[in-house]
Amino acid sequence: MLKQKLIALSAALPLALAVAAATTPGAPPANAPAAASFQPSAEQAAAARLVYGLLSDSRYVYRSKPLDDAMSREIHRRYLESLDGQKLFFTQADITRFDVYRDRHDDAIRSQQLTAAYDIFATYVKRVDERVAYARKLLTQPFDFTKDETWEYDREDVAWAAGPAELDDAWRKYVKNDVLRLRLAGRSQEDIRKTLDKRYAGLGERVHELRSDDVFEQFMNAYASSIDPHTSYMSPRSAENFNMQMRLSLEGIGAVLQRQEEFVVIRTIVPGGPAGRGGVLKVGDRVVAVGQGTSGPMQDVVGWRIDDVVALIRGKKGTQVRLDVLPAEAGLDAKPQLVTIVRDKVKLEEQAAQKRVIEVGERRIGVVELPTFYLDFEAKRRGEPDARSATADVAKLLRELRTEGVDGVVIDLRDNGGGSLVEAVELTGLFIDTGPVVQVRETGGRVSVSADDQSGVAWDGPLAVLVNRSSASASEIFAAAIQDYGRGLVIGEQTFGKGTVQSLMDFDRFPRKDDAKFGQVKLTVAQFFRVDGGTTQHAGVVPDLQFPVTLDASEYGESSYDNALPATRIAQAPHANVGNFSRLLPQLQAQHRTRIATDPEFTWWSEDVAKFRADRERKSLSLNEAERRAERDRLEAERQARAAERKALGLDQDQLSRADDGLTASERSVAQQAAEEELAKTRPDPLLRESAAILADALDLLSADRGLTAQVLPVTRRATVWAE
């Protein structure tokens, strides 16, 4: 399934705020708007001093930057982008008035005089109110959908509107597009008016529900993120919510949401969770409405803040939530599909590593799917020898696969965002005898090496590692080590590229519940390096054999951040080289191309990737109803043709009809989920099947040519296989 764009576009975070006349650095100019009902507190001023002290100290921050005029200009840019990244609220006159602050934010933070931030926010709130009133007024008038107009929805690079009239035109097209989408989805005119009026009114209401600490947090994050993409500030309230979410992270629907333009989309799905069982939801699906229980009203959530949407979706185990979603593969004008999910806790065993065997000709290839590098830290801390961990579980599965007589093993790390560093090291040790796995350079330059020091391996046979753009952190450490040792083939997409380590600094270390005043800072304290001296930072791990790229480095991943730490090198750690696949790769690539040319599922996936990337290049939509309807119908016809072709080729089991099957929407969703679960068990996805085929090709080539084997595997790797 094609993954939709996963780049987080900063949602406008409208907040109510205060301004106060002063002659200190950061004071608003004489023509500033009237003051709001509150202003920075003494605690926030003190927190600003603490954040500045921490982020400017090179003993704590891996890449510290001075808080000077250059940094002030960066803070100013990021602050405005976080508020109005699509340039739909501020005018050029506002931006010109704000220019007086561009070189003053550094002085304001040091002197703890933060009124400039609140002035900008106050203007933002005023502009949001104006735009909301205008948008609601437009709903009382008819639109002409026969005109040849376009809506330039990607406005990141456009100039600020010269004045209110230019913004009026942009908002007219914005609202016209909203109306057209709902018309194409089959909604009545009155229903459209009510839905959009409530949507726009809700934006204004949420503006005025926010508080002074939201303003402060937004501004301090503009400062923190100017250091690097993973440095951030959390107010006491946000820190408490974060800690609560971490404690409850495995209860709910088991999906991570992300803002994409005006939609909230599914970014990742927790393996074993309610949303992931049988593919009820997929990465890239867009949530447009949420309803509670079996009959609660559907609440339109387009344009909402992501935390408000999360609050609606989150709930107690055993309760139902209904989602109207636009499928990832469908156009924005498609009719939403209703999905019913029973909230539940995600059990550890459902997240654990799992195995399967794929038959490729006469070869039997074992697959170990590892969704995360998990570890029962509490049991480990207590010294329990059988503490649950990714390494222990994978070792057990490898023993079983060896008993089953597999010829090779693929470790599937797609969408594995990482986890325990210890597990990354120990998992690598299942495939190498002994040696370094990863190097860590800390603040100050000291380099330490984490190594596997346990002799013997769990699997000494042929190996491949399957990765994609969402494989990150610990996944990259493991894949890089396997590649550097020449221990196995790495297949798939270039990985995410996160090679840094973060730590949390709590300014309220041991407060009583009501005493938290200053919040927390997450800061970057170290960087990972490969054993060959390179780094997974920024560049990620580049596979030996690459599949079509769904999201390239400019769209998603560490390199998409404009201030990510660059890739660099240090001295390599002495390590063995047990293989070199360069002589084998041209033949494997040729066989791969020949095979996928006749594999319909891989071909469909490649076509979807190409189509998605072409759509990514578009930055506008037609506002002509006939054109949009024709485009929607074309996409739907393609989807139906694809489904018919799959059925004709016997690639799908009989699925439940959505027409007249006598089931309620809730019953149909549960039954469909069960059917899709069974299908997923019986037929691996095309990328996994192709990875198994590539490893089988390598085995065949090496078996047929002893001379080639000597060149590819010059070192006999007969490390002791652990006893059963």
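Student: In what order do the 6 strands of the open sheet run, and what is the pairing?

Tutor: A sheet is read by following its strands from one edge to the other. In this predicted model, the order is 11-12-13-16-17-20, and the pairing is mixed. The edge strands, strand 11 (354–360) and strand 20, each pair on one side only.

Student: In which sense do strand 16 and strand 17 pair?

Tutor: The sense of a pair describes how the two strands run relative to each other. Strand 16 and strand 17 are parallel and share 4 bridges. Valine 465 has valine 490 of strand 17 standing opposite.

Student: How many residues of helix 15 are buried?

Tutor: Burial is judged from relative accessible area, and a residue under 20% counts as buried. For helix 15 (residues 474–484), 11 of the 11 residues are buried, so the helix is largely enclosed by the rest of the structure. The buried residues include charged ones, Glu476 and Asp484 among them, alongside nonpolar ones such as Ile477 and Phe478.

Student: What covers the buried residues of helix 15?

Tutor: The cover includes strand 13 (408–412), strand 16 (463–467) and strand 17 (489–492), and these strands also belong to the open sheet. Helix 14 (421–428), strand 14 (435–442) and strand 19 (520–529) are further parts of the cover. Helix 15 is followed by glycine 486, whose phi is positive, near 70°.

Student: How many salt bridges does the structure hold?

Tutor: The structure holds 53 salt bridges. To read one, consider the distance between the atoms, the location of the partners and their exposure. Lysine 176 and glutamate 149 form one such bridge, with their closest N and O atoms 2.8 Å apart. This pair links distant parts of the chain: lysine 176 lies in helix 6, and glutamate 149 lies in the loop between helix 5 (115–138) and strand 1 (150–151), 27 residues apart.

Student: Are lysine 176 and glutamate 149 buried or exposed?

Tutor: Lysine 176 is buried at a relative accessible area of 1%, and glutamate 149 is likewise counted as buried at 12%.

Student: Which parts does the salt bridge of arginine 77 and aspartate 562 tie together?

Tutor: In this bridge the closest N and O atoms are 3.1 Å apart. Arginine 77 is in helix 2 (residues 69–84) and aspartate 562 is in the loop between strand 20 (545–546) and helix 16 (585–596), so the pair ties together parts 485 residues apart in sequence. Arginine 77 is partly exposed at 30% relative accessibility, whereas aspartate 562 is exposed at 54%.

Student: Where do lysine 619 and aspartate 154 lie?

Tutor: Their side chains meet in a salt bridge of 3.2 Å, N to O. Lysine 619 is in the loop between helix 17 (600–617) and strand 21 (621–622), aspartate 154 is in the loop between strand 1 and helix 6, and the two are 465 residues apart. Lysine 619 is partly exposed at 40%, and aspartate 154 is partly exposed at 23%.

Student: Which residues line the second largest pocket nearest its centre?

Tutor: A pocket is read through its volume and its lining. The second largest pocket has a volume of about 620 Å³. Its lining has 30 residues, with Arg187, Thr195, Arg199, Val288 and Asp300 nearest the centre. Helix 7 gives the largest share, 9 residues. By class, the lining divides into 13 nonpolar, 4 polar and 13 charged residues.

Methods. Residues numbered from 1 in each chain as written. Predicted model: local features only at pLDDT ≥ 70, side-chain atom pairs only at ≥ 80, totals over all residues. Heavy atoms only, no water. 1 Å grid on protein atoms, 1.4 Å probe; cavity = no way out; pocket = protein on both sides within 12 Å on 5 of 7 lines; lining within 4 Å. Points joined across faces, edges and corners; volume = space filled by probe spheres on them. Buried < 20%, exposed > 50% of the residue type's maximum accessible area, 1.4 Å probe, protein only. Contact = heavy atoms within 4.5 Å. Salt bridge = Lys/Arg side-chain N within 4 Å of Asp/Glu carboxyl O. Pairing = 2+ DSSP bridges.
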